[in-house]
Amino acid sequence: MRTFALIALFIFSGVLAAFVFGFDLKDTVQPLEYDDEQEGLEDQVVIKFSHVTSEHTPKGLAARKFAELVEARTNGTISVEIYANGSLYNDQDEQQALKENRVQMIAPATSKLTSQFPKFQILDLPYAFSSYKEVRKAYEGSIGRTLLAELHTSEMKGMGFWYNGFKQMTSRTKALLHPADFEQMHFRRMPSPVIERQFQALDASTSLLPFNKTYQNLNVEFIQGQENTTSNIYTKKMYETQDHLTVSNHGYLGYIVLTNETFWKNLSPEQQKIIESSLADTTDWIRRHSIETNDAHLRELKRTESISIHYLDKEQQEIWRHALEPVYIETEKFTGRELIQELNQIKDQ
Ligand code: SIN
């Protein structure tokens, strides 16, 4: 009884001292005793997954789906933390962050690998694809395998390709219906020499800008137009600064999913298998949902009534195609003839 009273007095005086002198009680808290859960925490693997688009885009939704699958299939021993909207790294520094293992996964647009790996330029060719089926054949067939193999010396491991959608042109000043409408205009572009050549072929100039600086530069009219998927245009509110959107489907924007090579090698075969299967299931999912999401965002753009939507007729499409043909000749120097031939075979099938 006496011992109990002494202990109570000791605790009471401690709390009183903390209250009066402002001690932080947490400083005096002892570490928790050993238990199994603590040990489990040490074994937990955290994958930081950084990307630059909104959570509601195909990539944002796919990253969430992938995280859920991995966490469920590993009982939470692998957790995937998603950093959307470039909140951790923007598209200009996320590859370096991955190489230094500051993040463990990213999914940049394939265009953003073209400077370091010129063969990736093949995917940016105007009118490279005229259907989703053709895009799939390239990503999941021999072109995709060739491109993934290109990365082997880079400390980045290519895990596969994810889908977004066909790119559309937007402009502040006028409807872009004919190649001549591009003359003298200034556009934002991703860091891909093919995209630069594409705008040059249309007599337009470009500035290379990160994705999350595009809205701002459209707003101050440093650039008058840009190209993107309807999902990216809608979720980045570009319709607030652009009066016209042409459904041109002149190029395709998709992603390569990358992980840090050393991080990957340090995972157990079992962990690697679960990540690979979760990624494969997410890829199946995004292949279908990216189409629905872009269609839904096009409908939303129409609903805003602040941007006019224009469709090209058959004749106009042919004129655009013809104007952009010279881009192929220049690009072949970087991709090699073989890849272009493979692309043409996909088109013929
Ligand atoms: C993205 O979808 O990741 C961004 C594409 C862009 O930079 O336009």
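Where does glutamate 325 lie? In this predicted model, glutamate 325 sits in the loop between α13 (314–324) and α14 (326–335). Its relative accessible area is 46%, so glutamate 325 is partly exposed. In sequence, glutamate 325 and leucine 125 are 200 residues apart, yet their C-alpha atoms are 9.3 Å apart in space.

That pair leads to the overall fold. The protein has 15 helices and 9 strands. Of its 349 residues, 50% count as buried. Among contacts between residues at least 6 apart in sequence, 75% join residues at least 24 apart.

Leucine 125 also has a place in the protein's interior. The largest nonpolar core holds 73 residues, and those that touch the most other members are Phe66, Ile122, Leu125, Phe129, Ile143, Trp162 and Phe182. The element that gives the most to this core is strand β4 (residues 156–171), with 7 residues. A second core, separate from this one, has 12 residues, including Leu209, Leu245, Val247 and Ile307.

Isoleucine 143 can serve as a worked example. Once its neighbours within four places in sequence are left aside, isoleucine 143 is in contact with Ile122, Leu123 and Ala138, and also with Leu339, Glu342, Leu343 and Ile346. Of these partners, Ile122 is listed with isoleucine 143 among the core residues that touch the most other members.

Phe66, another residue on that list, takes part in a helix pair. Helix α4 (residues 58–73) packs against helix α12 (residues 269–304) at an angle of about 150°, and their axes are 9 Å apart. Because of that angle, α4 is roughly antiparallel to α12. The two helices make a right-handed crossing. On the α4 side, the residues that meet α12 are Pro58, Lys59, Leu61, Ala62, Lys65, Phe66, Leu69, Val70 and Arg73. On the α12 side, they include Ile274, Ile275, Leu279, Trp285 and Ile286, along with Ser277, Asp281, Thr293 and Asn294. Sorted by class, the contact comprises 11 nonpolar, 6 polar and 4 charged residues.

A shorter stretch of chain completes the tour. In helix α8 (residues 193–201), the buried residues are Val194, Ile195, Arg197, Gln198 and Phe199. Arg197 and Gln198 are thus listed as buried alongside Val194, Ile195 and Phe199. Just after α8 comes aspartate 203, which takes a positive phi of about 60°.

Terms used: Residues numbered from 1 in each chain as written. Predicted model: local features only at pLDDT ≥ 70, side-chain atom pairs only at ≥ 80, totals over all residues. Heavy atoms only, no water. Core = buried A, V, L, I, M, F, W, Y, C linked by side-chain atoms within 4.5 Å. Buried < 20%, exposed > 50% of the residue type's maximum accessible area, 1.4 Å probe, protein only. Helix = DSSP H or I, 4+ residues; strand = E, 2+ residues; numbered from the N terminus. Contact = heavy atoms within 4.5 Å. Axes fitted to C-alpha atoms, helices over the stretch in contact; angles between N-to-C directions. Parallel < 35°, antiparallel > 145°, perpendicular 65-115°, else oblique. Left-handed = near helix turned anticlockwise from the far one by under 90°. Nonpolar A, V, L, I, M, F, W, Y, C, P; charged D, E, K, R; others polar.
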